[in-house]
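Me: I would like a close look at a single part of this chain, set against the fold as a whole. Please take it slowly and keep the parts connected.

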Amino acid sequence: MAFAGYLLKINGTIFPNKYIQLDSYASTPNQIMDIDTYRDADGVLHRNTLEHTASKIDFNTPYLNLANKINFQSYIPTRKQLTLEYWNDETNAYAAGTFYVPDIAYEIYQTTSNDIIYKPIRVAFIEY
């Protein structure tokens, strides 16, 4: 499928690009996983790679005020397991998988009499 203007779709809902600081977006698609890999007595590496690969995507948001932070949070499920469709730069097509979201830290940049401004928020999606 050709690029359709979005980078991420979470549980079937397009995640707005406005919440992605594009210069921080990093994708590591199709990471090879090993099981029982070892080096022999001669120092030769013996890799036992698995058929399943796992992708990782992470980025920062721009600075957000409270209303935008709340809207941003509405796209990230409260349960940690989700279906993520993402642009896979290795295959140059969309791919999908089951991912989890590590805990998200929220740092306040400043407050006003009626609002909170948050520093960029780091988000990661890691495939099972």
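What share of the contacts in the chain with a separation of 6 or more comes from residues 24 or more positions apart? And where does Thr61 sit, and is Thr61 buried or exposed?

Reply: In this predicted model, residues 24 or more positions apart account for 66% of the contacts with a separation of 6 or more. The part you ask about, Thr61, lies in the loop that runs between β6 (49-60) and β7 (64-65). Thr61 is nevertheless buried, because its relative accessible area is 0%, and buried here means under 20%. Leaving aside residues up to four places away in sequence, Thr61 touches Tyr19, Gln21 and Phe72, and also Lys119, Pro120 and Ile121.

Turning to the whole chain, one helix is accompanied by 12 strands, and the order from the N terminus is β-β-β-β-β-β-β-α-β-β-β-β-β. The chain is more spread out than a compact globule, because its radius of gyration is 18 Å, well over the 14 Å that the globule rule gives for 128 residues. The C-alpha trace spans about 65 × 35 × 30 Å along its principal axes.

As for burial, 32% of the 128 residues count as buried, and Thr61 is one of the buried residues. The chain exposes about 7800 Å², of which carbon and sulfur atoms supply 50%. Its charged side chains comprise 10 positive and 14 negative ones, and the centres of these two sets lie 10 Å apart.

Technical notes. Residues are numbered from 1 along each chain as its sequence is written. This is a predicted model: local features need pLDDT of at least 70, side-chain atom pairs count only at pLDDT 80 or more; totals for chains, interfaces and linings use all residues. Side-chain values use heavy atoms; hydrogens and water are left out. Helices (H or I, at least four residues) and strands (E, at least two) are DSSP runs, numbered from the N terminus. Buried means under 20% relative accessible area, exposed over 50%, partly exposed in between (1.4 Å probe, protein chains only). Contact means heavy atoms within 4.5 Å. The radius of gyration is taken over C-alpha atoms; the globule rule is 2.2 Å times the number of residues to the power 0.38. Accessible areas come from the Shrake-Rupley method with a 1.4 Å probe; for residues, only the protein chains shown count as cover. Lys and Arg count as positive and Asp and Glu as negative; His and the chain ends are not counted. The place of a charge is taken as NZ of Lys, CZ of Arg, CG of Asp or CD of Glu.
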